Amino acid sequence: MFKRKRKRLREINIDDLENIRLSFKLSKKDIADMLCISQCQVSNYYKCGFIGADKYYAIVNALRSHIEQEANEKRNHLNSIIDTSA
């Protein structure tokens, strides 16, 4: 009968970003570089306690592509070792 609209998150708690930052051993400067913003703006996010969902997911996607790139490089390296030993 009634369609329930999914509520889109517009802001993400800064603790979620801090967990990612600590897991990947990133500095606040690294985060600022990923988002192409200043460190001052990153500090402001920490002060207010929230970050925009678009910025949060931009960081997550950048990390995901970085991890995939590292995995591909390792896979290619292992394949080259296997090919030369065969």
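# Close-up views of the model

**View 1. Aspartate 33 counts as partly exposed, at 45% relative accessibility.** The model shown here is a predicted one, and this first view follows aspartate 33 to its charged partner. Lysine 29 forms a salt bridge with aspartate 33, and the closest N and O atoms of the pair lie 3.0 Å apart. Both residues belong to helix α2, which covers residues 28–35, and because they are 4 residues apart in this helix, about one helical turn separates them. Lysine 29 is partly exposed as well, since its relative accessible area of 42% falls between the limits of 20% and 50% that bound this class.

**View 2. Arginine 21 and glutamate 18 form a salt bridge in helix α1.** In this pair the closest N and O atoms are 2.8 Å apart, which is within the 4 Å that the definition of a salt bridge allows. Helix α1 runs over residues 14–23, and because arginine 21 and glutamate 18 stand 3 residues apart in it, they too are separated by about one helical turn. Are these two residues buried or exposed? Arginine 21 is buried, and glutamate 18 is buried as well. By the rule used here, the count of salt bridges comes to 2.

**View 3. Helices α2 and α3 pack with their axes 8 Å apart.** Two packed helices are described by the angle between their axes and by the distance between those axes. For α2 and α3 the angle is about 110°, which makes α2 roughly perpendicular to α3. On the side of α2 the contact is made by Lys28, Lys29, Ile31 and Ala32, while α3 contributes Gln39, Val42 and Tyr46. Sorted by class, the contact of α2 with α3 has 4 nonpolar, 1 polar and 2 charged residues.

**View 4. The largest nonpolar core has 18 residues.** In soluble globular proteins, nonpolar side chains tend to be buried together. Which residues of this core touch the most other members? They are Leu17, Ile31, Ile51 and Tyr56. The elements that give two or more residues to the core are α1, α2, α3 (39–48) and α4, and the largest share, 5 residues, comes from α4. One of the core residues, isoleucine 51, can be followed further: leaving aside its neighbours within four places in sequence, isoleucine 51 is in contact with Arg10, Glu11, Ile12, Ile14, Leu17, Leu35, Tyr45 and Tyr56.

**View 5. Leucine 63 is located in helix α4, which covers residues 53–85.** Leucine 63 is buried, because its relative accessible area of 7% is under the 20% limit. When neighbours within four places in sequence are left aside, the residues in contact with leucine 63 are Ile20, Phe24, Leu26 and Met34. Leucine 63 and methionine 34 are 29 residues apart along the chain, and a distance of 9.1 Å separates their C-alpha atoms.

**View 6. The protein chain has 4 helices and 2 strands.** Read from the N terminus on, the elements run in the order β-α-α-α-β-α. Of the 86 residues in the protein chain, 26% count as buried. Among the contacts in the chain between residues at least 6 apart in sequence, 66% join residues at least 24 apart.

Conventions: Residues numbered from 1 in each chain as written. Predicted model: local features only at pLDDT ≥ 70, side-chain atom pairs only at ≥ 80, totals over all residues. Heavy atoms only, no water. Salt bridge = Lys/Arg side-chain N within 4 Å of Asp/Glu carboxyl O. Buried < 20%, exposed > 50% of the residue type's maximum accessible area, 1.4 Å probe, protein only. Contact = heavy atoms within 4.5 Å. Core = buried A, V, L, I, M, F, W, Y, C linked by side-chain atoms within 4.5 Å. Axes fitted to C-alpha atoms, helices over the stretch in contact; angles between N-to-C directions. Parallel < 35°, antiparallel > 145°, perpendicular 65-115°, else oblique. Nonpolar A, V, L, I, M, F, W, Y, C, P; charged D, E, K, R; others polar.
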